[in-house]
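User: Hi! I am a first-year student and I would like a close look at one part of this model: the charged side chains. Could you walk me through them?

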Amino acid sequence: MKEIRWHGRGGNGAFTAAKLLGLAASVFEGKYSQAFPSFGPERRGAPVMGFNRISDDVITDHSQVYECDCVVVLDETLCDVTDVTAGMKEHAVLVVNTQSTAEQFKKEKNLHNVKHIFTLDATGIALERLGRPIVNTVMLGAALGATQLVSWEALEKAIEDMMGGKLGEINIDVAKMAYDTIKEDATKC
């Protein structure tokens with residue numbers, strides 16, 4: 001089983017990204033999956049988390065994800081207010097929305113214990129392509145490029161199914177851009 005934790009702020013779309021990944025895994029890839037949020041009465045901009053579990057077998061654990069194979073950070077400022085690396089497995093992947101390179105980010109945040117860090121300026125891509133700083137599908141594409149949790153085709157179908165029309169097309173475009181960029185970096189590791 002693979003377990004994923006999403007760190008975002010209210011309004012970033014972290015839970016939407018988790019739902020899209022869950023849809024891709026279960027409906028379009030035939031796996032078992034879960035997607036669920038963790039937030040209370042927070043307001044827009046407050047830290048929130050989303051979670052996924054993906055497995056070839058039935059998932060019987062319905063608790064919060066505590067040990068992660070992948071952590072996705074939609075807003076790098078969250079790294080200053082929460083330990084986004086808590087519970088990361090030894091070979092886990094950290095994917096962060098930042099303008100810093102992976103090496104710069106590792107040094108800036110003193111993350112020398114994290115073996116696999118991938119960074120992408122998802123905000124820049126979202127502003128350029130979507131006209132808004134909503135980075136969920138950009139970061140979903142990046143996370144998939146780093147991990148191959150599901151196939152690109154399954155993710156594309158999930159975005160199309162959930163968003164549809166022009167909105168779906170543009171979100172597929174930004175997700176694919178991020179996927180290709182990070183997949184290329186991941187093959188170098």
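Analyst: Here is a tour of the charged side chains, followed by a short stop at two backbone angles. Please keep in mind that this is a predicted model.

Let us start with the salt bridges. The count comes to nine salt bridges, and three of them make good stops for us.

Take Arg 53 and Glu 3 to begin with. Their side chains meet in a salt bridge, with N to O at 2.7 Å. Arg 53 belongs to strand E3 (residues 47-55) and Glu 3 to strand E1 (residues 2-9), so this pair ties together parts that are 50 residues apart in sequence. Are these two residues buried or exposed? Both Arg 53 and Glu 3 are buried. They also have company: Glu 3, Arg 53 and Asp 61 are linked in a network of salt bridges.

Next come Lys 109 and Asp 80, whose side chains meet in a salt bridge of 2.8 Å, N to O. This pair, too, links distant parts of the chain, 29 residues apart: Lys 109 is in the loop between helix H2 (102-108) and strand E6 (116-120), while Asp 80 is in the loop between E4 and E5. How open are the two partners? Lys 109 has a relative accessible area of 24%, so it is partly exposed. Asp 80 is exposed, because its relative accessible area of 55% is over the 50% cut-off.

While we are in that loop, look at Asp 75, which is also found between strand E4 (68-73) and strand E5 (88-97). With a relative accessible area of 19%, Asp 75 counts as buried, because buried means under 20%. Its side chain is joined to the side chain of Thr 77 by a polar contact of 2.6 Å.

The third salt bridge lies within a single helix. Asp 180 pairs with Lys 176, and their closest N and O atoms are 3.0 Å apart. Why are they separated by about one helical turn? The two are four residues apart in helix H6 (residues 165-187), so about one helical turn separates them. Asp 180 is partly exposed at 36% relative accessibility, and Lys 176 is partly exposed at 30%.

Now for charges on the surface. Glu 153, Glu 156, Glu 160, Asp 161 and Glu 169 form a negative surface patch. Which helix gives the most to the negative patch? That is helix H5 (residues 152-163), with four residues. One residue of the patch, Glu 153, has its place in helix H5. Glu 153 is partly exposed, with a relative accessible area of 48%.

Finally, the backbone stop. Most residues other than glycine have a negative phi. Against that background, Asn 110 catches the eye, as its phi is near 55°, a positive value in a residue other than glycine. Asn 110 lies in the loop between H2 and E6, the loop that also holds Lys 109. With a relative accessible area of 56%, Asn 110 is exposed. Gln 148 has a positive phi as well, near 55°. Its place is in the loop between helix H4 (136-147) and H5. At 38% relative accessibility, Gln 148 counts as partly exposed.

Notes. Residues numbered from 1 in each chain as written. Predicted model: local features only at pLDDT ≥ 70, side-chain atom pairs only at ≥ 80, totals over all residues. Heavy atoms only, no water. Patch = residues over 30% accessible without salt bridge, like charges linked within 9 Å, V, L, I, M, F, W, Y side chains within 5 Å. Areas by Shrake-Rupley, 256 points an atom, 1.4 Å probe, with all protein chains shown as cover. Salt bridge = Lys/Arg side-chain N within 4 Å of Asp/Glu carboxyl O. Lys, Arg positive; Asp, Glu negative; His and termini not counted. Charge placed at Lys NZ, Arg CZ, Asp CG, Glu CD. Buried < 20%, exposed > 50% of the residue type's maximum accessible area, 1.4 Å probe, protein only. Polar contact = N/O pair within 3.5 Å; in protein donor to acceptor, adjacent residues only side chain to side chain.
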